[in-house]
Structures are given as C-alpha cells and as structure tokens.
There are 2 protein chains.
Amino acid sequence: MPTYQAPVKDTLFVLNEVLGFERYSNLPGFADASGDMLDAILGEAAKLAENVIQPTNRDGDLEGCVRNADGSVTTPKSFKQAYDQYREGGWMGLAVPAEYGGQGLPYSVNQAVGEYFVSANMALMMYPGLTHGAIAAIHVHGTEEQKNTWLPKMVDGVWTGTMNLTEPHCGTDLGMLRTKAVPNGNGAYKISGQKIFISAGEHDMSDNIVHLVLARAEGSPEGIKGISLFIVPKFVLDAEGNPGKRNGVTCGSIEEKMGIHGNSTCVMNYDDAEGYLIGELNGGMRAMFTMMNEARLGVGAQGLAISEVAYQNAVNYAKDRIQGRSLTGPKAPDKKADPIIVHPDIRRSLMTMKSFNEAGRALMLWTALKSDIAHRSGDDGDRQQADDHLGLMTPIVKGVLTDKGLEHAVMAQQVFGGHGYVEEHGMSQFVRDARIAMIYEGANGIQALDLVGRKLGLNGGRAVQAFFKEVGEFCEENRAVESLAPFTKALKKGLNDLQAATMWLMQNGMKNPDNAGAASTDYMHLFGLVSLGYMWARMVKTAQDRLANGANGSADFYQNKLTTGRFFMERVMPETQAHLARISTGAETMMALPAEAF
Amino acid sequence: MPTYQAPVKDTLFVLNEVLGFERYSNLPGFADASGDMLDAILGEAAKLAENVIQPTNRDGDLEGCVRNADGSVTTPKSFKQAYDQYREGGWMGLAVPAEYGGQGLPYSVNQAVGEYFVSANMALMMYPGLTHGAIAAIHVHGTEEQKNTWLPKMVDGVWTGTMNLTEPHCGTDLGMLRTKAVPNGNGAYKISGQKIFISAGEHDMSDNIVHLVLARAEGSPEGIKGISLFIVPKFVLDAEGNPGKRNGVTCGSIEEKMGIHGNSTCVMNYDDAEGYLIGELNGGMRAMFTMMNEARLGVGAQGLAISEVAYQNAVNYAKDRIQGRSLTGPKAPDKKADPIIVHPDIRRSLMTMKSFNEAGRALMLWTALKSDIAHRSGDDGDRQQADDHLGLMTPIVKGVLTDKGLEHAVMAQQVFGGHGYVEEHGMSQFVRDARIAMIYEGANGIQALDLVGRKLGLNGGRAVQAFFKEVGEFCEENRAVESLAPFTKALKKGLNDLQAATMWLMQNGMKNPDNAGAASTDYMHLFGLVSLGYMWARMVKTAQDRLANGANGSADFYQNKLTTGRFFMERVMPETQAHLARISTGAETMMALPAEAF
C-alpha cells in the first residue's frame with residue numbers, strides 16, 4: 001500500500017529561505033502566515049493529508065462513483081468523512097477574504113498545502129478544487145449580492161462548485177457551444193443544453209452544488225463573443241437563502257475513466273434550469289478565464305503532487321527490495337542481494353524525479369507568490385510585474401508540471417518492476433490519475449499555444465523580457481562565485497537556448513503562424529527547463545549561503561540540495577539544446593503531408 | 001471504438017525493397033515466402049487480424065479473466081473462437097520446421113504478421129506468444145523424444161506453453177530462486193515452489209498447458225549456476241501421449257493489473273508436480289535465454305504494434321474531429337471548424353508516431369532477418385555476423401520499441417483530449433496495455449544493462465564495430481548523392497554522438513562500473529535513435545531510387561517516405577546530443593546521495 005509524507009521542510013525552505021516570504025509581510029494576509037504560524041499551518045495540513053486523506057485514496061480508486069437510477073451519485077464510502085474534516089479545518093477558505101468567511105491567508109500558502117492534499121488523494125481533492133475555481137469566479141465577477149448569497153456556504157464547504165464548459169462537440173473551441181439561456185422574465189434565465197466531462201458535477205458530499213455554466217443568451221452573437229457565464233444551482237434557494245426546490249439540472253451519466261475513479265465526471269443535462277447571469281452579458285469568456293487561470297495552476301500542482309508521492313513510494317521500494325549486487329561489489333553482504341537503490345539506473349530514475357520535484361515545488365510557489373503580489377500589492381509596478389509573470393508562467397506550470405507528473409509516475413512504477421503493474425501496490429493508480437492532468441483545463445498543446453501565441457508577444461514581450469533579464473542578471477551577479485559556477489554556467493547555456501528559440505519564433509512565427517504552432521510544445525518545455533534550472537540555481541545559492549553560515553543543524557539538508565541541483569544541471573538541462581534544434585526546423589516538414597497520407 | 005488496418009504495403013516495402021528479401025531465397029523456407037506468396041501470407045494475416053482478432057480486443061479489456069473456485073480460469077467469451085481461427089490458420093507453427101508440424105517459413109515473416117496480430121489484440125496474442133517461446137526452448141534444448149512428444153501439439157496450438165521464471169522475492173535476480181526439483185526415481189522430478197506473474201499460466205483455450213519451469217535440483221549449487229529447466233505439463237501424458245491425470249500444478253490466484261486484462265497472469269503453485277529436465281542439469285539459465293531472446297524481440301514488436309494501432313486511431317480522430325481554425329486561415333470553410341489535423345501541434349504528434357512506426361518496423365524486420373540468417377545460413381561468416389547483430393540489437397529492439405510504445409500510446413490518447421481519457425474510445429486501453437511491455441521479459445533498465453555491460457564488449461566489441469562500419473560506410477558511399485545529403489548528414493551526426501558515447505564508456509566504464517550503469521538507459525536510446533535513423537536513410541534511398549525509376553504507380557507512397565524520413569531526421573534525431581551530454585557526466589552525482597537522503 002502506498003504511503004505519503006508531506007515535504008513540509010522542503011516547502012518551508014522554498015517559502016522562507018529561497019523566496020523570502022517574510023519580505024511580503026506588508027501584503028494583506030501575509031502577517032498571519034509567517035514564522036511559526038506558517039510552520040503550524042503546514043504541519044496541520046500535513047497531518048490531515050497523511051492521516052485522514054491519504055487512507056481514502058485506494059478506496060476511491062477501487063469503489064469509484066456510482067450513478068443511481070434517480071440520477072444521484074454515490075461517492076466512495078470513506079470520502080465524505082475525509083471531506084468533512086477538510087472542510088471543518090477551514091481549508092476551503094484558506095485564501096478567501098474574511099468577509100466571505102475565509103481566512104484571508106496568501107494564495108501561495110493555499111498552493112503549498114494543496115500539493116499535500118492532492119498527493120494524498122487527487123480524486124477527492126477535485127471536489128474542493130473545482131469549488132475554489134467557482135469561488136474565484138464569483139468573487140471577481142459577481143455582484144455584491146451574488147457574493148453574499150453564494151460565497152459563505154461555498155467557503156464553508158457545505159456547498160460545492162463546478163465549471164461547465166465542455167459540450168460533446170466542443171472543448172477547446174468554445175465558440176461552437178450550443179447551451180442556451182433564455183430570459184425568464186424576472187431577471188433570471190432558463191438554461192438548456194448538455195455539458196460533458198463535468199468534474200464533481202453530481203455527488204453526495206454537499207448540500208448544494210453551484211454550477212458555473214457557459215451558455216449563449218438568446219439573441220447573442222455566434223462564436224465566443226456571444227458566450228455568457230451563469231450561476232445554476234442544483235437547488236434553487238428559498239427566501240431564507242437555503243436550498244429549496246430542485247432545479248432543472250441532472251446528471252445523465254458518469255464516465256468510465258482511466259483514473260481519478262473517486263471523482264464523478266458527469267454528463268450534465270440542463271432543461272430550463274434557473275440560472276443567474278454573472279459578470280457582463282457576452283463576457284463569459286473573460287469570467288471563465290478567471291476560473292481557468294487559477295484552475296490551471298491547481299492542475300500544475302496536481303502534476304507535481306503525483307510526481308512527489310509516486311517518487312516517495314519508489315524510494316521506499318528501492319530501499320526495501322533486494323535484487324542483484326552493486327556493480328562495484330556487495331553493499332549488503334549480510335543479505336542475499338543488495339537493495340536496488342545501489343543500482344545506478346534506479347538512482348537515475350530517483351534523482352530525475354527528486355530533482356524535478358524540488359524545483360517544480362519552487363516554481364509552483366514562486367508563481368503562486370506572484371499571484372499574491374498581483375492581487376494584493378498596493379504598488380502598481382509590483383502588481384503589473386507580478387501579473388506579467390503570472391500570465392507567462394501559468395501555461396508553463398500547467399503544461400510542464402503535468403507532462404512530468406505522468407512521466408514520473410511511469411518512472412516510479414518502473415522501479416517496482418512487475419509489482420508496479422499489478423494494482424495492489426497502487427503505482428498504477430498514480431499513472432492513471434496523473435494522466436488526466438495533461439488533458440483537462442486546456443490540453444497541454446493548448447497551453448503551449450497560449451504561451452507562444454498569446455503570452456509571448458503580450459505588451460511587446462514585456463513579461464518574457466523581464467524573465468530573461470532576471471535570470472540573466474542572476475547569472476551575471478553570481479559569475480564570480482566559484483562554487484556557483486557549474487550551476488550558473490549550465491543555466492546560462494539553457495537561457496541562451498531559450499533566447500535563441502525566442503528569437504527564432506519572433507522572426508519566423510510572423511512569417512508563417514504554423515512555425516509558431518510547430519514549435520509550441522518544444523518551446524514550452526524549453527521554457528520549463530530554464531525556469532526549473534533557475535529555481536535550482538537560487539536554491540543552491542541559498543543552500544551554499546546557509547552552509548557558509550553554520551547551517552543551523554541542517555548541514556545534510558543543504559548539502560543534499562547541492563548534489564540534487566548538480567544532478568539537474570548535468571542530466572536534465574542538456575535537453576534544452578534538443579528542443580532548440582527541433583524548434584529551428586520549422587513547420588514545413590510537419591505540414592507537408594496531405595491528410596490522406598497519414 | 002478503435003479500428004485497425006494492417007500496414008501490409010509498408011511491410012512489403014521493407015521486406016522486399018529495403019531489405020531485399022529475395023536475396024535470401026537460398027535459405028531454408030525463404031523460397032516459400034517470396035513474391036506473391038509473401039503478399040498472400042501478409043494479406044491473410046491482415047484479414048485475420050482486422051476481422052477476427054481486433055473485434056475481441058475491447059471485450060478482453062472489459063471482461064478480463066476470472067479464476068473460478070476450482071482454480072480454473074475463464075478467459076473473455078470471444079477469445080476462444082478467435083484463438084481457434086488463429087490456430088487453424090496454421091499461424092502458431094509458421095516458422096517451426098515441418099518435421100514438428102510447422103510451415104518452416106522465415107522467422108522474419110512470423111514477426112511481420114505478429115505485429116498485426118498484436119495490434120489487433122495484445123492480450124489475446126500472449127497465449128500463442130508464450131507458446132512460441134516454449135516451442136523454441138524445447139526445439140533447441142529438448143531431446144528428440146521430448147521434441148516429438150511436445151512440439152506437434154504445441155505447434156498445432158491445441159496445447160499452449162508458458163515460461164515460469166519469477167518468484168515473489170526474485171525476478172531479475174534469478175540466482176535467489178527457491179523452487180525445488182527432487183528426482184522421483186524414474187528419471188523425472190518432483191517440482192515444488194511458487195511462481196508469480198505467469199502469463200497464460202491457466203486458461204480455458206487449450207487441452208494442455210506445457211509449463212517451462214526454472215527450479216533448483218536437489219544438491220545443485222546456490223545461485224544461478226544451480227538452476228535447471230523443467231517441462232511441467234498441466235496434465236501428465238498417458239501412454240498414448242494424450243493428456244491424462246492432473247499434475248500437481250495449480251493457479252493460486254490471478255493478478256488485478258493495469259492492463260492486458262484479457263491475459264491471465266497467474267500465481268502458479270507447484271506441489272510435487274511431475275517435471276522433466278530439459279537441457280543439461282544446472283544449464284537452466286542458458287535454456288532460459290533461448291526463450292527470453294525470442295520473447296524479447298516479440299515484446300519489442302508489441303511496443304511497435306501498440307504504437308501503430310494507437311497512431312491509426314489518432315489519425316482517424318484528427319481527421320474527423322473539428323475544433324478551431326488553422327493558424328493560416330480556415331481549411332474547411334464550409335464547416336464550423338477545421339479538422340484538428342490542420343494544427344501543427346497535432347501533426348507534430350502524428351508525424352512523431354508515424355516516423356517512428358515506419359522505422360521501428362524496419363528495425364524489427366531487419367533484426368528478425370538477421371535471426372533467420374543466424375539460424376539458417378550455411379555460411380559460417382554470415383551466421384556469425386548475423387548472430388552478432390541479433391545479440392546486439394535484441395535489447396535495443398526490446399527496450400526502445402517498448403518505451404516508445406507507451407510514449408506513443410499516450411501521445412495518441414492526447415490527440416483525443418478528454419475523449420481519450422474515458423474508456424469507451426479505447427485509447428486508455430492502448431496505454432494500459434502498452435505499459436507492461438517496458439517491464440516484462442527483463443525490465444528496460446535490464447535491457448540497457450545487458451547492452452552496455454554484456455553485448456558491447458562481447459568478442460572485443462565485434463558486433464558494435466560491425467554496426468558502426470556498416471552505418472559509416474552507408475554515409476560515406478552516399479556522400480555524393482545530393483538528394484540523400486540531408487539524411488546522411490543527420491545520420492552521421494547521430495553516429496558520431498554514438499561513437500563518442502561508446503568511447504566514453506570504454507574509457508570510463510572500466511574505471512568505475514557505475515559509470516556504465518549510469519549511462520545505460522541513455523546509451524540504449526542513443527543507439528536506438530541511430531539504428532532508426534539508419535533505417536530511415538535506407539528507406540529514403542530506396543524510395544528515391546524507385547521515384548527515379550518510374551515508381552510503378554506508387555509515387556505518392558515513396559514521396560511520403562521522403563517527407564516522413566525528413567521529419568525523423570529534423571525532429572527526432574537531435575535527441576542524440578542530449579543523450580551524449582548526459583552520458584558524459586558519469587555516475588558521480590547520481591551515486592553521491594546516501595540512501596537516507598532520498
């Protein structure tokens with residue numbers, strides 16, 4: 001059976017020592033999450049994840065969700081009590097302002113603990129996860145009345161939320177959507193249509209479900225310019241604001257999926273359901289992106305979370321399983337064989353995962369911190385700079401962390417040999433669960449296109465130039481530090497490849513947009529490598545500083561950072577040159593075959 | 001529902017035009033498989049695969065195998081009739097000599113049609129697949145009496161075979177195995193012990209099951225030097241050679257697995273089961289490798305087969321699914337959106353798979369042809385050269401083709417977006433099925449170690465030097481052919497990287513064996529890329545020759561080869577430099593962390 005231990009010490013290292021969390025204590029909410037408070041919050045989250053949530057993970061996979069004849073959905077037996085403990089601990093509203101019942105803590109802290117919860121049970125955490133997105137959309141786009149009506153119960157977690165975008169014939173291309181909204185005469189709308197792939201669309205863990213539904217209002221234009229966002233509750237509220245009569249929305253079926261069996265993925269049928277416009281008429285796409293952006297960072301965190309928990313279990317197995325002898329002579333001569341962690345190829349896998357997880361965590365938290373600054377800083381310049389960064393990094397965090405999430409779940413499973421392929425060890429579940437994160441909230445190909453097609457050129461390339469400047473200056477400033485040289489050298493090489501690829505895109509993407517499309521996935525991963533490499537350079541610098549200053553009893557911890565960072569630079573960063581080489585070949589060969597030749 | 005069309009034209013292109021199949025007509029069996037005969041054999045296999053075997057694939061996944069209370073195993077309902085048609089078509093004995101009831105055709109033809117059958121239903125094909133391995137072991141190591149006793153019924157397929165190696169505490173490290181063999185006084189042995197992960201160990205499709213079991217005879221030394229191979233039938237034969245009394249071997253349970261649900265993966269309990277020594281006492285490892293080597297090529301073919309069928313379904317979906325508009329303006333203006341095959345990033349995936357499948361097929365068939373020469377040629381030099389090649393390429397075909405098999409199943413699934421994640425489209429099954437091929441018959445890390453630790457240095461590096469010479473000479477000879485220059489240049493660059501990596505291994509692997517272990521997986525993939533690149537260079541040369549000579553009505557076919565080959569050189573080959581860079585960093589960083597630091 002898989003186990004899990006939340007990497008609290010590592011999170012604290014990143015937040016406090018690398019990102020200098022205390023420097024932001026002037027931002028709203030940060031003072032409540034500094035020093036001992038931060039330790040306590042992460043510690044409580046770790047306990048909940050390890051002791052309450054993780055034990056439900058395999059149940060969820062085995063039992064799955066069942067749609068009953070009346071359209072209700074039964075979730076795995078152990079889920080409700082775990083969700084209730086999450087809810088009662090106040091985790092749903094951790095980063096929501098106090099006026100709506102939340103704790104107003106930083107979003108970055110929310111992301112930090114979110115990783116732990118998802119490592120413990122990804123499928124279960126999708127119920128609150130979607131609720132977070134719905135809360136964000138209502139918080140940003142709702143009227144004061146809407147906020148007061150819906151948010152407190154959602155923040156409390158007695159009501160949950162969903163996002164209803166996809167229809168059978170359109171996922172990425174929402175301009176084609178057909179769900180209709182007809183004014184019902186008293187300010188509300190009647191919503192009709194079918195939505196598919198609706199995570200947490202129907203279940204038995206909350207008293208009401210608040211669906212946020214994209215639909216086309218009667219008379220609105222075709223395409224994405226005619227789409228509006230509506231609040232459609234499972235139960236229409238009565239005069240006291242409590243769930244009243246059943247609304248015209250039902251779960252038609254649930255999907256049989258490869259993984260995340262504990263999450264109910266629903267076909268939702270809307271049949272003259274009462275709905276309330278949120279945000280501006282025909283402004284649905286903008287409102288949707290509020291949900292999507294936060295959701296994308298959350299999905300990126302899922303990739304990291306599965307990579308981490310799969311890695312931990314591979315490590316345990318590699319230390320326990322004895323098989324064969326070390327190539328350099330027996331390491332456990334008292335046993336019939338050595339533990340397989342002595343074999344270099346097993347270590348190659350473990351180090352690859354470890355060096356990614358630690359940098360991926362830093363990248364996730366760095367980006368989340370920028371989100372805090374973008375939303376909470378009083379300084380216009382800081383806000384703009386942080387918002388630029390957030391927009392640029394969101395597709396990278398989503399696309400790269402989830403691609404690596406699957407890759408590493410597979411890698412960890414491989415460490416188990418045949419035992420990884422049978423379900424009882426739980427490694428298959430990690431692979432099957434991790435797989436979806438590459439697809440939902442915008443398939444990773446769409447993330448890559450968002451990066452090269454939209455984010456790169458935004459405001460004259462301001463965001464990407466700021467990133468290049470920051471990383472370039474880091475390398476420059478530390479050039480004289482001899483102990484950092486192997487790190488800054490490898491980082492600079494990666495940065496050069498990224499800048500060359502960017503230049504190539506500027507010159508060739510305009511000429512032929514297919515060149516940008518053909519480069520997009522490689523470019524996203526190239527950008528991801530340099531971002532992760534930059535995280536490593538900063539972590540190593542911090543670790544070296546600490547070691548030079550006595551290390552406060554954690555010399556091993558910092559020393560291991562240096563080794564793991566060196567592995568990343570030596571073994572992972574060389575991939576940047578292959579990405580650049582591929583990008584530079586352009587779209588021609590890719591587009592040359594006629595469709596019938598495939 | 002997935003579909004499948006056997007790539008007969010492509011197989012014929014490789015066998016006839018690239019590999020010059022007709023040049024080998026002096027080898028036994030080849031004359032019966034040339035020209036129209038080859039067309040007919042492949043055509044019949046295609047029909048069986050497409051019309052009979054493929055329709056059972058999803059059934060197998062959904063129904064799985066069931067172990068009944070009496071220890072018997074029920075396979076999916078549609079399997080038996082499909083297996084019977086396979087059997088009655090004579091496919092089991094295609095490459096087995098006529099004296100044992102086979103057709104004596106080339107092994108390369110067997111591999112060619114094997115790809116089709118596995119694309120159609122991988123789980124079903126494991127029943128005959130394991131039988132092939134058992135037939136090979138008995139054929140090579142059995143006495144004349146053993147061959148006459150067991151082979152005809154196995155070749156006919158009314159009896160099937162298995163390989164029993166793994167035990168709960170040992171898979172890779174067979175020296176630790178505990179299954180015992182005690183002489184029973186009349187020349188046979190009593191076998192006792194437990195074997196796990198036994199594919200096709202118990203089922204309802206054949207009248208007898210011939211288990212080949214590794215066990216330690218009483219008094220034999222510890223370790224792998226004390227292991228012998230035994231024939232242990234499910235039913236002991238009576239005086240007429242028919243299945244008689246039930247032997248002491250039972251299926252204790254079957255595994256719940258990630259995929260290949262249609263195959264029964266059994267825990268087999270041996271309790272004083274009657275067994276017959278095959279080959280020499282304590283010579284079991286050698287006999288086992290006869291089974292393993294053929295099985296490894298078969299597993300490599302599984303990787304290719306799943307990559308091919310997953311690709312075909314991704315192509316169909318990409319042509320059907322409309323979503324978004326081409327970056328260069330609408331391509332299907334009459335529709336609400338363009339088919340997604342217009343998007344460069346979708347094409348990147350399709351071309352990556354296509355360019356691999358075609359070269360992978362060539363590599364598989366080239367290696368299979370070498371196996372034919374090694375076993376059938378009358379010329380000592382030819383036999384030795386072919387055997388060298390076969391030994392060198394076996395771990396590469398197994399390791400690289402199966403790693404790519406999973407990668408491409410995932411890539412094809414991604415083309416489907418959310419529809420790929422739900423089980424009904426069958427793309428998840430391809431991923432779940434493909435996953436096992438990286439693990440069984442020696443996990444891919446073991447293949448890599450076999451390559452760098454054993455095959456590379458064998459006979460003073462004779463095999464690898466011959467490969468370098470052949471590829472180098474191809475580049476040299478074609479240097480003046482302008483149309484080939486982009487191909488030979490890219491191939492030469494890859495070859496240089498491979499030679500540099502080989503040199504590095506020679507210099508550093510001796511000094512510290514961990515350097516070889518640390519390099520092994522990268523080296524295997526680097527070698528795979530150059531091998532596939534060489535296949536492309538040869539295919540392109542052939543296509544150019546044909547185009548220059550009128551192309552015989554297939555100009556499009558050859559033209560597409562040029563484009564696909566160019567894609568491979570531009571987009572896939574650049575990876576060689578990243579592999580070399582990683583290899584050159586050695587084992588130090590990888591081995592530096594103490595086990596407790598993970």
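Buried, for this talk, means under 20% relative accessible area, exposed means over 50%, and partly exposed is what lies in between. I start there because A:R538, at 16% relative accessibility, counts as buried under that cut-off. The model is a predicted one, so please keep that in mind throughout.

Let me stay with A:R538 for a moment. Its side chain meets that of A:E470 in a salt bridge, at 3.7 Å from N to O. The two residues come from distant parts of the chain: A:E470 sits in helix α14 of chain A, residues 462-477, and A:R538 in helix α16 of chain A, residues 513-548, with their positions 68 residues apart. The two ends of this bridge fall in separate classes, since A:E470 has 25% relative accessibility and counts as partly exposed, while A:R538, at 16%, is buried.

Next, a bridge within one helix. A:D372 pairs with A:R376, with the closest N and O atoms 3.7 Å apart. Both residues belong to helix α9 of chain A and are 4 residues apart, about one turn of the helix. Are they buried or exposed? Both A:D372 and A:R376 are buried.

In chain B there is a bridge with a long reach in sequence. The side chains of B:R546 and B:E17 meet at 2.8 Å, N to O. B:R546 is in helix α16 of chain B, residues 513-548, and B:E17 is in helix α1 of chain B, residues 8-18, so this salt bridge ties together parts 529 residues apart in sequence. Here B:R546 is partly exposed, at 31% relative accessible area, and B:E17 is partly exposed as well, at 24%. For the structure as a whole, over all chains, the count is 71 salt bridges.

Now the domains of chain A. The assignment gives domain 1 as 288-455 and domain 2 as 462-591. Their C-alpha centres are 17 Å apart. In terms of contact, 28 residues of domain 1 of chain A meet 28 residues of domain 2 of chain A. The area buried between these two domains is about 2,400 Å², and carbon and sulfur atoms give 77% of it. On the domain 1 side, A:S355, A:W366 and A:V452 lose the most area to domain 2, together 21% of what that side buries.

What about polar pairing across this domain interface? The rule finds 2 salt bridges there, and the count of residue pairs in polar contact, both at pLDDT 80 or more, is 4. As for which elements of domain 1 touch domain 2, those giving two or more residues are α9 (344-376), α10 (380-415) and α13 (444-455) of chain A. Helix α9 of chain A gives the most, with 12 residues. By residue class, the domain 1 side divides into 15 nonpolar, 8 polar and 5 charged. A separate salt bridge to note is A:R462 with A:D388, whose side chains meet at 2.8 Å, N to O.

On to the two chains. The size of an interface is often given as the accessible area lost when the parts come together. For chain B and chain A that figure is about 8,000 Å², with 58% of it on carbon and sulfur atoms. B:Y421, B:R571 and B:F598 supply 12% of the area that chain B buries against chain A, more than any other three residues. The contact count is 93 residues of chain B with 93 residues of chain A.

How many salt bridges cross between the chains? The rule finds 7. One salt bridge joins A:D522 to B:R571, with the closest N and O atoms 3.5 Å apart. Both of those residues also belong to a network of salt bridges that links A:D522, A:R571, A:E575, A:R582, B:D522, B:R571, B:E575 and B:R582. There are 54 residue pairs in polar contact between chain B and chain A, both residues at pLDDT 80 or more. The chain B side of the interface divides into 41 nonpolar, 26 polar and 26 charged residues.

Last, a single glycine. B:G29 is in the loop between α1 and α2 (36-53) of chain B. With a relative accessible area of 16%, B:G29 is buried. Leaving out residues up to four places away in sequence, B:G29 touches B:G104, B:L105, B:P106 and B:R376. From B:G29 to B:I191 the separation is 162 residues in sequence and 38 Å in space, C-alpha to C-alpha.

Methods:
Residues are numbered from 1 along each chain as its sequence is written. Chains are lettered from A and ligands numbered from 1 in the order in which they are written. This is a predicted model: local features need pLDDT of at least 70, side-chain atom pairs count only at pLDDT 80 or more; totals for chains, interfaces and linings use all residues. Side-chain values use heavy atoms; hydrogens and water are left out. Domain bounds come from an automatic or database domain assignment. Contact means heavy atoms within 4.5 Å. Buried area is the accessible area (1.4 Å probe) that two parts lose on being put together, summed over both. A salt bridge is a side-chain nitrogen of Lys or Arg within 4 Å of a carboxyl oxygen of Asp or Glu. A polar contact is a pair of N or O atoms within 3.5 Å; within protein, one must be able to donate a hydrogen and the other to accept it, and residues adjacent in sequence count only if both atoms are side-chain atoms. Ala, Val, Leu, Ile, Met, Phe, Trp, Tyr, Cys and Pro count as nonpolar, Asp, Glu, Lys and Arg as charged, and the others, Gly among them, as polar. Buried means under 20% relative accessible area, exposed over 50%, partly exposed in between (1.4 Å probe, protein chains only).
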